[in-house]
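Trainee: Could you take me through one part of this model in detail, and then relate that account to what lies elsewhere in the chain?

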Amino acid sequence: MLNWGSGANNPKYKRRRRQLVEKLAKKGIQDEAVLEALNMVPRHMFLDTALRDRAYKDTALPIGKEQTISQPFTVASQTELLQLMPGEKVLEIGTGSGYQAAVLCELGAEVYTIERHKKLYERARSILGELGYSVRFKLGDGTLGWSAYAPYDAIVVTAGAPSIPEDLVEQLNINGRLVVPVGDDNRQEMVRITKIRENEFEEERFSNFKFVPLIGKKGWKE
Ligand code: SAM
């Protein structure tokens, strides 16, 4: 008999993942492609083995360095707001565990991601590679974006910013979307900026979330 252990294809986790996705749909996630992407990514593989049994609860969990893998509902909400089309170029600020990057890959995006903690950057690189996801990684301050590959069709910030990071707005393509949680260190409002045309932007605000802080030159001070 095959021993699936806690590997990526473990049927127990597959079943739980399906149930989680059904729960996310009930909570208001409507984009079928986003739900299917979350159904494909083995979230347990992005966690320490001791936490894997909690991977399919709709909660954030620790990943070390006082950081978290975001709650699945938050990942689904941010991804839905990005309105990604396959083949679009997307920049993620805050690689963390690598889970959100994997979800973006499942949607057919070309994914670039930045993390400031070396240990998290290395671990995410390793697990995403092991799972066969093709992502470009950078270790550094994501508040400045990644100008070498700009412009991006979409940018997602997975940590809470004190204000909208201007460098990221500047790195948007025409029709590009920036999704960023903005607020104080306790609560943030999800903001979506769409670049309509050169120097013309639309700003929309959605419900409140709670993120770890975005720390950097154009974010919170350490
Ligand atoms: N997307 C992640 C995932 O799927 O696991 C969620 C990560 S966690 C909520 C936010 C991450 O943003 C943390 O790993 C943190 O170290 C990182 N971060 C905070 N400020 C940053 C910055 N200026 N540049 C890059 N990463 C940053």
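Mentor: Two strands pair if DSSP finds at least two bridges between them; strands (E, at least two residues) and helices (H or I, at least four) are DSSP runs, numbered from the N terminus. The model is predicted, with local features requiring pLDDT of at least 70 and side-chain atom pairs pLDDT 80 or more, whereas totals for chains, interfaces and linings use all residues. Residues are numbered from 1 along each chain as its sequence is written.

The part I choose is strand E6, residues 152-157. Strand E3 (residues 89-93) pairs with E6 in the parallel sense over 4 bridges, and in this pairing Val90 stands opposite Ala154 of E6. E6 is also joined by 4 bridges to strand E7 (residues 172-183), again running parallel; here Val156 has Val179 of E7 as its bridge partner. E6 is mostly covered, with 6 of its 6 residues buried (20 or more other C-beta atoms, placed from the backbone, within 10 Å of a residue's own).

Burial also marks helix H3 (residues 72-82): 9 of its 11 residues are buried, so H3 is largely enclosed by the rest of the structure. Among these buried residues are Pro72, Val75, Gln78, Leu81 and Leu82. Just after H3, Gln83 adopts a positive phi of about 50°.

Turning to the ligand, Gly94, Gly96, Gln100, Gly142 and Gly216 come nearest among the 26 residues around it (C-beta, placed from the backbone, within 6 Å). Strand E2 (67-69), helix H4 (99-106) and strand E4 (110-115) each give two or more residues to this shell, and E2 supplies the largest share, 3 residues.

Methods
A residue is buried if 20 or more other C-beta atoms lie within 10 Å of its own, exposed if 12 or fewer, and partly exposed in between; C-beta atoms are placed from the backbone.
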